[in-house]
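Student: Could you take me through one pairing in this protein up close? After that, I would like to hear how other parts of the fold are put together.

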Amino acid sequence: MKDDTFIKLEGYIEDITFRNEENGYTVFSVSSKGKETVCVGTVQGVYAGQFAEVSGSYVTHPVYGRQLSVSSLKLKEPHSREAFLRFVTGGAIPGIKKRNGTKIADRFGDDSYRVLLEEPELLAKEIKGISLNKAYEFQRILIENKQFNDVIIFLQGYGIGTALAKNIYKHFGEDIYGIIKENPYRLAEEVSGIGFKTADDIVKRSGLNVSLEYRSRAAVIYTLERAAAEGNTYLPLDTLQKNTEFLLGCVLPDFEMLIADLSIEGKIVARASEDEKARIYIPSFFYMEKNVAGKLVSLNAVPDALFSGEEILRQLERIEEETGLEPDEIQREAVLNAVSAGVAVITGGPGTGKTTVINSIIKIFLTGGLKVKLAAPTGRAAKRMTQACNLEAATIHRLLGYSPAFGDEKDKIATKEEGAFEYNEYNHLPADVVIVDEMSMTDIWLMNSLLSALAPGTRLILTGDADQLPSVGAGNVFSDIIESEAFKVIRLEKIFRQAAESDIVSNAHLINKGEKVDLSKKSKDFLFIKRDTDEKIISAIFTLVKEKLPEYVDAPREEIQILTPSRGARVGVERLNVIMQNLLNPPSPDKREKEYRGTLYREGDKVMQIKNDYNLEWQREDSDGTMRSGTGVFNGDTGIIKKISFFTESVFVLFDDGRQVEYGFDELHELEQAYAITIHKAQGSEYPAVVIPMYPAPRMLMNRKLLYTAVTRAKKCVCLVGLPESFEQMAGNIYDIKRYSSLSMMIRELSGGI
């Protein structure tokens with residue numbers, strides 16, 4: 001509970017109870033007028049013994065009681081003997097022990113701080129035990145601490161939080177004062193985490209008259225970064241100009257000159273397209289696409305023949321005898337091509353036999369003594385691949401040996417010094433064959449990381465469904481590889497008899513082909529329940545998830561997934577999660593709750609990780625009782641909140657694969673409720689049953705590809721609830737947001753296809 005009364009007090013910092021070195025969150029006590037106050041807030045460079053002016057409002061912590069939530073803190077220089085002694089003995093200057101601090105205070109009295117700051121040579125001259133080098137070191141630490149705190153306070157005046165201020169100071173040092181006055185947009189260009197809008201806000205707050213050139217440069221970079229966040233690896237020049245001018249609210253007559261200047265400086269890369277229109281890239285995306293194209297063409301060079309065509313066919317006959325499976329001619333051709341090619345692509349919808357083909361390929365390679373590695377972009381997809389192939393599959397991140405010690409996702413391109421993965425261009429993955437499933441989900445950064453880790457001669461087999469949604473990250477990797485026509489591509493289209501008995505499979509293919517689906521058919525696994533209002537739709541969804549489907553598909557309620565096209569509609573993710581939380585996991589005296597940034601987290605809630613966090617630690621108990629630990633929780637991982645602790649200020653989540661993760665309260669922005677999730681978030685996952693509301697939403701979201709992806713997430717049952725006309729609208733809408741990517745073009749150029 002918060003008391004809005006604003007408080008300001010001055011006093012000595014007596015004790016530091018807790019400090020998070022990464023974000024500066026600190027719990028400390030201040031002694032003022034004989035009274036001690038516990039303070040909490042994000043502050044930097046604070047030590048016991050410093051004299052400070054603290055401002056904020058009181059809050060009541062459920063465990064620790066009344067505390068002052070700090071909104072600002074200003075440190076005062078210790079200009080008295082007593083203040084100086086408190087300052088140096090509290091740890092503000094590492095290396096000055098109490099004995100030396102007392103000697104300095106005894107000799108220089110109230111002038112001690114000034115001497116330390118301005119005349120350190122006097123310390124060496126008059127204080128026994130302090131050398132000249134040590135005195136200068138004390139001065140350096142004091143100056144750096146003072147500069148840092150001054151910068152923090154300065155930047156807070158522009159609305160910049162401590163964490164970002166720390167990054168800014170690390171990059172610019174004291175030069176930041178001049179940069180803010182001359183060109184705040186340099187922050188957006190050079191510091192990770194600072195965007196154009198933050199720099200623009202600084203300009204508005206300060207009333208500075210910054211030149212249009214500086215603002216335009218930052219706007220171009222920001223526009224390209226936003227385009228990448230929407231899946232594009234580049235923008236055509238005219239599109240970039242239009243979007244940049246819209247952002248700025250003005251026309252830029254010298255736009256091509258601006259682009260030329262940024263290109264010369266290496267801030268962007270400009271290249272001519274096949275149609276002579278310029279393509280403008282953020283440099284990292286240009287070089288990633290170029291590297292991926294080069295590696296693919298190189299891997300596709302005719303490999304050493306492991307088996308003759310006759311031997312492959314004999315192997316297939318042996319596999320057929322062992323398994324009783326009889327592949328058709330297209331499947332046999334897929335196996336033959338995949339085993340003999342350097343790079344092969346296998347694509348097909350549900351029920352077309354991809355798993356049968358992959359298993360045959362694996363058996364043939366293992367018979368030849370080759371080391372085969374299986375991978376998929378997500379944990380759920382890797383788990384499915386493991387079960388289907390009877391060989392362990394890993395996420396691409398785990399396959400490549402990601403470790404926080406190697407770098408950060410933001411580095412984007414791995415280097416020898418700070419690469420994100422253990423296996424990279426300098427340390428190749430020990431594998432003869434790599435098979436990657438769910439390729440439609442793989443973005444250009446992840447594909448570049450994978451290919452960089454493959455040694456020359458490694459065979460690469462890419463599988464997936466090209467008709468599903470593209471990756472959330474930038475690029476159109478799978479579609480571009482197929483479109484380039486530079487590699488063996490096998491399209492599996494025949495639906496096998498057993499799969500054809502499923503209306504999920506047959507209707508998914510009808511949706512994909514644009515053919516009519518009979519919603520009135522009494523089906524065992526594809527049900528349409530008509531409801532004509534959002535409230536009736538939600539009521540039916542609740543009944544299905546809680547009562548009907550768990551028993552029907554023989555699965556726990558937590559495994560039944562609601563999928564919806566949108567976040568904000570009447571039956572979108574945000575509203576559904578609030579309602580389903582109250583219905584499926586209602587409040588109880590036995591369940592602790594924590595509200596964070598407008599979201600209520602309750603013990604028993606189903607939650608999802610919404611960003612890749614390579615540093616989160618996890619533990620898991622294996623079937624033999626062995627406890628394993630590691631790092632990394634990824635976008636789309638789902639689990640249940642098992643415990644909320646106000647003592648440790650933590651939320652404990654048990655994920656579907658058995659990993660247990662502890663989140664600090666300040667890390668809850670990485671989690672959101674997952675009773676309902678967007679169809680995009682469900683990519684690569686499979687659920688016993690899915691429930692999909694059919695209700696009007698923005699046209700761009702009500703499209704065929706999204707519907708096809710949603711339906712194919714179900715293993716045993718699909719339930720669509722709502723308006724038949726919304727289903728027809730979605731199935732008939734072939735609208736697909738255009739993604740700008742040039743991988744296909746680069747592959748063709750390198751392979752001689754142009």
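**A close look at β8**

Tutor: Look for arginine 271 first: its bridge partner is arginine 279, which sits in β8. A word on what you are viewing: the model is predicted, so local features need pLDDT of at least 70 and side-chain atom pairs count only at pLDDT 80 or more, while totals for chains, interfaces and linings use all residues. Residues are numbered from 1 along each chain as its sequence is written, and side-chain values use heavy atoms, with hydrogens and water left out.

The two arginines belong to a pairing of β7 (residues 269-272) with β8, antiparallel and held over four bridges. Strands here are DSSP runs of E with at least two residues, helices are runs of H or I with at least four, and both are numbered from the N terminus. Two strands pair if DSSP finds at least two bridges between them. Strand β8 (residues 278-281) also has a pairing with β6 (residues 234-236), again antiparallel, this time over three bridges. There, leucine 235 faces isoleucine 280 of β8.

Now move on to helix α13 (residues 283-299). Its axis comes within 9 Å of the axis of α19 (residues 444-452), and the two cross at roughly 45°. (Axes are lines fitted to C-alpha atoms, for helices over the stretch in contact, and angles run from 0 to 180 degrees between N-to-C directions.) This crossing makes α13 oblique to α19, because angles under 35 degrees count as roughly parallel, over 145 as roughly antiparallel, 65 to 115 as roughly perpendicular and the rest as oblique. The crossing is left-handed, that is, the near helix is turned anticlockwise from the far one by less than a right angle. On the α13 side, the contact (heavy atoms within 4.5 Å) involves Phe285, Met288, Glu289, Asn291, Val292, Lys295, Leu296 and Leu299. From α19 come Ile444, Trp445, Met447, Asn448, Leu451 and Ser452. Sorted by class, this contact holds nine nonpolar, three polar and two charged residues. (Ala, Val, Leu, Ile, Met, Phe, Trp, Tyr, Cys and Pro count as nonpolar, Asp, Glu, Lys and Arg as charged, and the others, Gly among them, as polar.)

The loop between β12 (433-436) and α19 holds glutamate 438. Although this residue is not a glycine, it has a positive phi of about 50°. Glutamate 438 is buried, at 8% relative accessible area, where buried means under 20%, exposed over 50% and partly exposed in between, with a 1.4 Å probe and protein chains only. Compare glutamate 485, in the loop between α20 (477-483) and β14 (488-492). Its phi is positive as well, about 60°, and it is not a glycine either, but glutamate 485 is exposed, with a relative accessible area of 71%.

Strands β12 and β14 are both members of an open, parallel sheet of six strands, ordered β11-β10-β12-β13-β9-β14. At its edges stand β11 (393-395) and β14; each has a single partner strand, so one side of each is left without a neighbour in the sheet. Ignoring direction, neighbouring strands in this sheet are turned by 20° against each other on average. Strand β14 is joined to β9 (residues 343-348) by five bridges, in parallel, and threonine 347 is found opposite arginine 491 of β14.

Another open sheet has seven strands with antiparallel pairing, in the order β21-β20-β24-β23-β22-β19-β25. Strands β21 (627-633) and β25 (671-673) form its edges, pairing on one side only. Here the average turn between neighbouring strands is 40°, direction ignored. Follow β20 (residues 613-621) along its antiparallel pairing with β21 and you will count six bridges; arginine 620 faces arginine 628 of β21 there.

Finally, two buried residues are worth a visit. Threonine 37, in strand β3 (residues 35-42), is buried at 8% relative accessible area. Leaving out residues up to four places away in sequence, threonine 37 touches Leu9, Phe28, Ser29, Val30, Tyr58 and Leu68. Tyrosine 113 belongs to helix α3 (residues 112-118) and, at 4% relative accessibility, is also buried. With the same sequence neighbours left out, tyrosine 113 touches Glu77, Pro78, His79, Phe84, Phe87, Leu142 and Lys146. Phenylalanine 87 lies 26 residues from tyrosine 113 along the chain, with 9.3 Å between their C-alpha atoms.
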